[in-house]
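Me: I'd like to take a close look at one part of this model, and I'd be glad of a connected walk through it. Could you take me along?
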Amino acid sequence: MNVISVDGLSKSYGTGTTQVKALHDVSFSIPQGQFVAVVGASGSGKSTLLHLLGGLDKPSGGYVHIDGDNLYGLKEKERAVFRRRKIGFIFQSYNLIPVLNVEENIQLPLLLDHRQPDKAYINDLIHTLGLHERRKHLPSELSGGQQQRVAIGRALAYRPAIVLADEPTGNLDSANGREVIDLLKLAVHQYHQTVVVITHDMNVAAEADRVLNLQDGKLISDTSSQGRLV
Amino acid sequence: MERIADPKLEVARLWRNPSIRRLSLSIAILAIAVVIFIALYSYFSADKLKQDWLDKEAAMLGSLAQDHPELATDWLKQLSQADEPSPEAIAEGRRIMERYGMTPSAMETSWLPVLGNYRFRTFWILIGAATTFIALLTWLLFRVIRRQLGEIRSLAVAMEDTVKHNRPMAYRMYDEGELGLLANSAQELTIRLRETIEQLHRDKAFLKDTVADISHQLKTPLASLMIYIDLLQAGQADAEHAAEFLRTCKRELDRMEWLTLTLLKLARLEADALQMSLRDTNLAETIQHAVHLISPLAVSKKVTLRIEDSDRGLIVPHDSHWLAEALANLFKNAVEHSPIGGTVSISWENTPVFVRVQVKDQGNGIDPRHLPHIFKKFYRNSSEGSGVGLGLPLAKSIVEKHGGVLSAAVNPIGGMMFHLSLPQHPFPVPSGELTEL
């Protein structure tokens, strides 16, 4: 069962002579439980692809199906709810809510849905992420590595089917970066989640089950043929 | 069970819902109450009007009878008088009126048909207004409920379909509010169900593969054993050859024993038939134990196993027996791929989330293309090493059982690096795991 399937996805900005094709006819599918790295030079369309996978942008053409749902067939409002429940995001710049503490930031997706968070699960998650001594701290009181771990916690709180990470190690030193990647790998293994990571760090890409290589908005290589079978 | 194939909601279907029945009953009671109220109101209001009118007239007549001269002024005064007329005046007036047959009952029919009209008008206008209002409200309410019931119904149809045919839910709803949450939970449930079924299929395939692996791996040594035993039985071999054959037989049997044991271990680990008993234990001791297991091999290959300067007092929750086995397999692999006289260095570090053990060798490394495969069973990419490709998969299984990650990378300065990351606190396992076997 493919959890993500992308078909003829294109995205262009501007019109006429000033038109820029950020993504051109990209197709692939990802089965559940894979750890996929998307690599490519800056401007190759990596971030555009991730934004389209996460329903944060609108494609100029093509489809994105997540868990069998046509992401862009949903209404704007439905897509927002879909994102919250099905997709976890991790960004390079962490994007935590500055006025909420660690615990609240992690529970945010659940609270937005007026759901009662599973206290034991959240508690364990905070322990695993090594944040239990900082659970009442604000993001501004944390180091970069800690902030990114909070973001991982937030992405895992709803236990979404897929986690999308845009340069998650971009602002971190190598030790913290490794930690983030190990945590994402654990999530793949433990919860059978699908993780898509955008990176230009070849060490991160080497850890992936599969590497998608983008160049000038086109998919030029995909190691899926030799990827790990899950 | 009620058939729910048709997702259209006709009235009869709608009527089956207790909420609809309750609502209808409430509205009916409300309507009856309103009608009764209106009837009573129009009756009493007309009656009051009549009474007031009569009182007024009576008072006027009474006054007229008392004071003849100021007829006009009194008349006007009575008409414009705001407060209640005096009871004496009313009584006097009534008496005079009765003399002229002007009683309430007579007035109603003959003298004052206008009063009847008033009552009639009030009643029907109020009834009309109330009926329109109630009907409109009912229509709106039913529309809202019907829509919600329609959504619930579609959800039920989709769930029935999913349960019967084991396919993803056809009806999806991404909405705020209770219904949205219900739809989400239903979808999660069907996904769990599907995963469980897939897991069962995987387990079945795994069992098949394991049996195939074991029989395949045992076939070759068994065949050679048969040949040697045949030769020995035939008595054709001289004493020197016989001893040689017996040594080979012993070696093959040892190999078979090791193979079956390892495969069984792996099978039990992968089938979750074995649980790690995680205890807070000194990591350095476990590593030392693993080094000890491999040192005969290292000595024979003249490879040094060196434990780098790391925190020897570090306590990590792990199963020392199994983790030593995993580490020993990693060390064995590293020793086998090291050049003679080489060094395998072992180090570990403590981070807020993980304890990470690193094993580095000075071998030739491998082509990164092979990296995703080296943890697969029976995968061998070089002629080096004595194994059959079970050591690394076993190590990986054990590490994953600890809730950790085992990964391999090519060292840029040469050789391989293995990273074994053990979480300080293993990831929470979702409660009520369906796929637990």
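How many bridges join strand β5 (residues 354–360) of chain B to β7(B), and do the two run parallel or antiparallel?

Reply: Happy to! Seven bridges join β5(B) to β7(B), and the two strands run antiparallel. Please keep in mind that this is a predicted model, where local features need pLDDT of at least 70, side-chain atom pairs count only at pLDDT 80 or more, and totals for chains, interfaces and linings use all residues; pLDDT is the predictor's confidence in each residue, from 0 to 100. Residues are numbered from 1 along each chain as its sequence is written, while chains are lettered from A and ligands numbered from 1 in the order in which they are written.

Within the β5(B)–β7(B) pair, B:Val357 stands opposite B:Leu420. B:Leu420 of β7(B) is also the bridge partner of B:Leu406. That second link belongs to the pairing of β6(B) with β7(B), which is antiparallel over six bridges. β6(B) and β7(B) form a hairpin with five residues between them, and B:Gly414 in the turn has a positive phi of about 110 degrees.

Here is the wider setting. In chain B, an open sheet of five strands has the order β2-β4-β5-β7-β6, with mixed pairing. (Strands are DSSP runs of E with at least two residues, helices are runs of H or I with at least four, both numbered from the N terminus; two strands pair if DSSP finds at least two bridges between them.) The edges are β2 (304–307) and β6 (405–410) of chain B, each pairing on one side only. At the β2(B) edge, four bridges join this strand to β4 (residues 343–350) of chain B, and the two run parallel. There, B:Arg306 stands opposite B:Ser345 of β4(B).

Back to β7(B), residues 416–423: six of its eight residues are buried, so the strand is largely enclosed by the rest of the structure. (Buried means 20 or more other C-beta atoms within 10 Å of the residue's own, with C-beta atoms placed from the backbone.)

The hairpin strands also take part in the contact between the chains, which takes 28 residues from chain B and 30 residues from chain A. (Two residues are in contact if their C-beta atoms, placed from the backbone, lie within 7 Å.) On the side of chain B that touches chain A, the elements giving two or more residues are α7 (177–234), β6 and β7 of chain B. α7(B) gives the most, with four residues.

How values were computed. A residue is buried if 20 or more other C-beta atoms lie within 10 Å of its own, exposed if 12 or fewer, and partly exposed in between; C-beta atoms are placed from the backbone.
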